[in-house]
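I opened a new model today and kept notes while clicking through it. Here is what I looked up, in the order I got to it.

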Amino acid sequence: MSNIKDKPYVTYLLLAAMVVVFGLMSVMGGTENPVTLVEFGAKYNPLIRAGQYWRLVTPIFIHIGFTHILMNGITLYFIGQYVEQLFGHWRFTIIFFVSGIVGNLGSFAFNSGLSAGASTAIFGLFGAFLMLGESFSKNPAIVSMAKTFLLFIVLNIGTDIDIAGHIGGLVGGFLIAYVTGVGFSKTSRVKRVIAAIMLVVIVFVLYTIGMQAKF
């Protein structure tokens, strides 16, 4: 019998939280009701500018309609297991939430609409895999999977209505993966420092643009 520590339990917990939130929203007004979405913490720019910065986190657990949570849930289930096993539980958790926050900041800066969904964080997990493909370019298995995910990223970004959110999550995941490193190999300290500086700069720029936007 495998140890619980070997299982991607963080991925399972995240999925469970999303399902619980979806269920609560369904019985308290509907997951596609704008009022319910705002009440549960969807990304809504005027309220973020008013100081509700937690809305950069809560949208990760909110989904708009059954198809939305189904697609994001399936994607997180499969990619989450890979990333959590490769990076470890705490690194995976950091990558997931930092990616989601940076993605929501990207949406905050360039998208005036009400938005929600785990896709900002999920794209960060893809970004983490691209980091592995770049760092371990001599490993054919990792490179092959990174190329597959890159194709998926290109196809999804081209049809997405919140491109800024997805790109923000992708870049955030790529950079924070360098900062956390991976459990099975050492990451260059220089790369980690450069990635950390770039991440801080990007967060500051997106936050500033979002706060100063007129829409």
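**Notebook: starting with helix α8**

I began with α8, which covers residues 163-180, and counted 18 residues in it. From first C-alpha to last it reaches 26 Å, close to the 26 Å expected at 1.5 Å a residue. I should jot down early that this is a predicted model.

Which residues of α8 are buried? I got G165, H166, G168, G169, L170, G172, G173, L175, I176, A177, Y178 and T180. Just after α8 comes G181, and G181 takes a positive phi of about 75 degrees.

**Both ends of α8**

I163 sits in α8. Is I163 buried or partly exposed? Its relative accessible area is 36%, and the partly exposed class runs between 20% and 50%, so I163 is partly exposed. I also looked for something far off in sequence: N111 is 52 residues away from I163 along the chain, yet their C-alpha atoms are separated by 8.7 Å.

T180 is in α8 too. Its relative accessible area is 8%, and buried means under 20%, so T180 counts as buried. What does T180 touch, once I skip its neighbours within four places in sequence? My list for T180 is F87, R91, I94, I95 and R192.

**A detour to R91**

R91 was on that T180 list, so I went there next. R91 belongs to helix α5. It is buried yet has no salt bridge. Where is the nearest side chain of opposite charge? That is E84, and it is 11 Å from R91. A salt bridge needs the charged atoms within 4 Å. What I did find by R91 is the backbone oxygen of G181, 3.3 Å from a polar atom of the R91 side chain. This is the G181 with the positive phi, just after α8.

**Helix α9**

Next I checked α9, residues 189-212. With 24 residues at 1.5 Å each step, α9 should span 34 Å, and its end C-alpha atoms are 35 Å apart, so the two agree. In α9 I noted A195, L199, L206 and G210 as buried. Which helices do the buried residues of α9 pack against? They pack against α3 (45-49), α5 (89-110) and α8.

**Two partly exposed spots**

L70 is in helix α4, residues 66-87. L70 has 37% relative accessibility, so I wrote it down as partly exposed. L70 and V19 are 51 residues apart along the chain, with 9.7 Å between their C-alpha atoms.

V57 is in the loop between α3 and α4. At a relative accessible area of 28%, V57 is partly exposed. Ignoring neighbours within four places in sequence, V57 is in contact with F97, I101 and N104. V57 and V98 are 41 residues apart in sequence, and their C-alpha atoms are 9.0 Å apart in space.

**Zooming out**

How many helices and strands does the protein chain have? I get 9 helices and 0 strands. Read along the sequence, the pattern is α-α-α-α-α-α-α-α-α. Buried residues make up 47% of the 215 residues. Looking at contacts between residues at least 6 apart in sequence, 76% join residues at least 24 apart. The accessible surface of the chain comes to about 10,700 Å², and 71% of it belongs to carbon and sulfur atoms.

How values were computed. Residues are numbered from 1 along each chain as its sequence is written. This is a predicted model: local features need pLDDT of at least 70, side-chain atom pairs count only at pLDDT 80 or more; totals for chains, interfaces and linings use all residues. Side-chain values use heavy atoms; hydrogens and water are left out. Helices (H or I, at least four residues) and strands (E, at least two) are DSSP runs, numbered from the N terminus. The expected span of a helix is 1.5 Å times one less than its number of residues. Buried means under 20% relative accessible area, exposed over 50%, partly exposed in between (1.4 Å probe, protein chains only). Contact means heavy atoms within 4.5 Å. Accessible areas come from the Shrake-Rupley method with a 1.4 Å probe; for residues, only the protein chains shown count as cover. Lys and Arg count as positive and Asp and Glu as negative; His and the chain ends are not counted. A polar contact is a pair of N or O atoms within 3.5 Å; within protein, one must be able to donate a hydrogen and the other to accept it, and residues adjacent in sequence count only if both atoms are side-chain atoms.
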